[in-house]
Structures are given as C-alpha cells and as structure tokens.
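Colleague: Before we talk, could you put the structure up, and then let me ask how each term is justified?

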Amino acid sequence: MENMNWSDLTFGYIKTDYNVRCYYRDGKWGELEVSSSEILNLHMAATCLHYGQEAFEGLKAFRGKDGKVRVFRMDENAKRMQASSRGLLMAELPVEKFEEAVRKAVRLNERFIPPYESGSSLYIRPLLIGTGAQVGVKPADEYLFLVFVTPVGPYFKEGFKPTPVCIMREYDRAAPHGTGNIKAGGNYGASLVAGNKAKEAGYSAVLYLDPREKKYLDECGPANFFGIKDNCYITPQSTSILPSITNMSLMQLAEDMGLTVERRSVPVEELATFEEAAECGTAAVIAPLSRIDDLDENKSYVYSTDGKPGPVCEKLYKKLRGIQYGDEPDTHGWVQVVL
Ligand SMILES: *Cc1c(COP(=O)(O)O)cnc(C)c1O
C-alpha cells in the first residue's frame, strides 16, 4: 500500500479489502465465502445478540526480513475456538477449515501486511456467532464464522516500557466455574467498568484475583500474568483464566532457556517476592509491569523504577518476537509461512 505510514498505526480498525465467511446450516458447515462487505445481515432474534452465543480469537501475521509472511500457532487458536464452542453450545468448526479461512483472509489482503521494518503486523480476528433466531434460551441452529484482518502498529511505540496495573476486589471478570476459561465476548463486557476505572486512575489494566476467595492471582483483563524469581517462571493456575497461547509459548521458551516453570496457585502476597512481573498476550507479546498497586490493601509492589523491563522479560520478548518475524529459528514448529 502506498501512502500508508506503517509505523504510525495504532491498535485500531482499518478497512481492508476482503473478509472470509462460513455458514453453519442444516447441521453442517458450508464452503468458505469471500466478502468485500464490512456489514453483516443478521436476524434480530439471533442468539449472539440476546444470549451471548459469541466467541472470538486473535492472532497475527508477520512479514519477515526475507519478505515471507508467517502466522503464529494458528492451530492453537483453532482448537481454543472449538473449546469456546463447547463452552457456549455453538457448532464446532474443524481446525482445517479455521486455518484455511485464516490463510485466505491474509493472502487476499496482502497489500495491508506491514513491512518488516515498521514493527507493525496484520492482526487477524476470527469470530463465531449464533445467527439462528431463538426467543427462548436455547442454542441457535445456525452459526456464522468469519475472519477479518486489520493492520496494527507496534504495541510499544516508545520502546518496550513497563506500565503499572492495579488490584480492585470489587470487580470480577468471570465466575469461578463460568466462562473465564473461554474466549467469549461476554467476559469483556463484564470487564469494561473495572477496566475504565483503572485507566482513569492511570493504570494500563486490572489484575484480577480469583473470584471465589480473592486470595490468588488470576490474570489481567485481556492478558495472562507471570512473575519471575530465582530463575523461575511462575504463572497462575485457575479455572477462570483464559489459556493464553503466548503464555504457553513463553513457558516453553523459559524452559528452553534453563528456567524452571511453575503453573500453580499464586497468592497475592507472593507478588512481594517477584523480581519481574508482566502481562502476556498476542497484542504485546510481553507487557512488563512497573508496579502493581493493591488499591484495597493500600500496598504497592514495585518491579521497575527506571522505565526499563527486567532482563528475563527482555530476553523472552526478543526470542518470541524473533520467532514470529522469522529472525530466530522456529525449533518448535510454531510458524506457518502463508505467503
Ligand atoms: C485472548 C486473551 C488472552 C491472551 O491470549 P493469547 O492467546 O496469548 O493472545 C489472555 N487473557 C484473556 C482474557 C484473553 O481473552
């Protein structure tokens, strides 16, 4: 694309040329269809509008120094969307169909894939919604799966910089055995009030505690949490955490680097013992935390005061980004070259 300032992109929506759609009707999935419209024609009684039959995914395509375009671990996104389908009684899309739709959406919108040097990438948003009409609370008999893409800028415009988050006990994003472990839009609806309040107070996100006892760490609004101490990568285990593919990948890379990895309940007080703390997810890979303010207990846990991330976060970040852009060898078979 000419006239595009690739490095100035934000994490916003920019119209691209095509999206890919697939309909589930009469008990089966149809063929992939290509659309150039941004608009959906939807029944007003569709279950996605009334009863929350909606799940989404998020992944990225990266243009390498070699000009090739790589997509990161999309089989994991496909499997996670199937888990979301089981959690919300929606039709399950086969993994192969998911991957085919992603490849098609990326290839058809090639002119929107940012160049390597910009540090930008192509964000891919798969969406699954119940489109069949129901008035009673029942799953729909028709579904729409679609994939759209939009170019997004580098998460850290001024470099890889730590930000503060806060703990607020009066809000939960999910219930102990609710939908926290699946990627349902409803979890985000539930997190908007707390998220807004945190942002107004100068925090980048809320760090949620386990909704049952408020004793253990869960995750940040849209990203998992991990801490580093004594050469150990520690990330919370809970029934209400979304299994992040970035976190899963970082656990593997940490192990490759000789760290021990622990996935277990993490009591809030343990925050005082971490040398580094961070959020992780597709958007930023790693967003290091400068500080965690426990607003109810009037306590602060500080990890960085000089605006710089810790050495382990930095190393993990460089490694994972290197694999995604094709600068580092893909020893685990995580990337698929699509162009
Ligand atoms: C998507 C998401 C994440 C991050 O998952 P990735 O697969 O790493 O992008 C973390 N937490 C929540 C609540 C999410 O919805």
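**Terms and their reasons**

Modeller: In this predicted model, an oxygen atom of the ligand is 2.5 Å from an N or O atom in the side chain of tyrosine 188.

Colleague: What makes that pair, with an oxygen atom of the ligand and an N or O atom of tyrosine 188, a polar contact?

Modeller: A polar contact is a pair of N or O atoms within 3.5 Å, and the pair at tyrosine 188 is 2.5 Å apart, so by the cut-off it counts as a polar contact. Lysine 183 also has a side-chain N or O atom 2.6 Å from an oxygen atom of the ligand, while a polar side-chain atom of glutamate 219 lies 2.7 Å from a nitrogen atom of the ligand.

Colleague: How much of the ligand does the protein bury?

Modeller: Taken alone, the ligand exposes 380 Å², and the protein buries 96% of that. The ligand sits in the largest pocket, where 15 residues surround the ligand, with Ser244, Thr246 and Thr282 among the closest.

Colleague: Which kinds of residue make up the shell around the ligand?

Modeller: The shell divides into 5 nonpolar, 6 polar and 4 charged residues.

Colleague: Why does the radius of gyration of the chain agree with a compact globule?

Modeller: For 339 residues a compact globule would have a radius of gyration near 20 Å, and the chain has 20 Å, so the two agree. The C-alpha trace of this chain spans about 55 × 50 × 35 Å along its principal axes, and the chain holds 6 helices and 18 strands.

Terms used:
Residues numbered from 1 in each chain as written. Predicted model: local features only at pLDDT ≥ 70, side-chain atom pairs only at ≥ 80, totals over all residues. Heavy atoms only, no water. Near = heavy atom within 4 Å. Polar contact = N/O pair within 3.5 Å; in protein donor to acceptor, adjacent residues only side chain to side chain. Areas by Shrake-Rupley, 256 points an atom, 1.4 Å probe, with all protein chains shown as cover. 1 Å grid on protein atoms, 1.4 Å probe; cavity = no way out; pocket = protein on both sides within 12 Å on 5 of 7 lines; lining within 4 Å. Sits in = over half its atoms within 2 Å of the grid points. Nonpolar A, V, L, I, M, F, W, Y, C, P; charged D, E, K, R; others polar. Helix = DSSP H or I, 4+ residues; strand = E, 2+ residues; numbered from the N terminus. Rg over C-alpha atoms; globule rule 2.2 N^0.38 Å.
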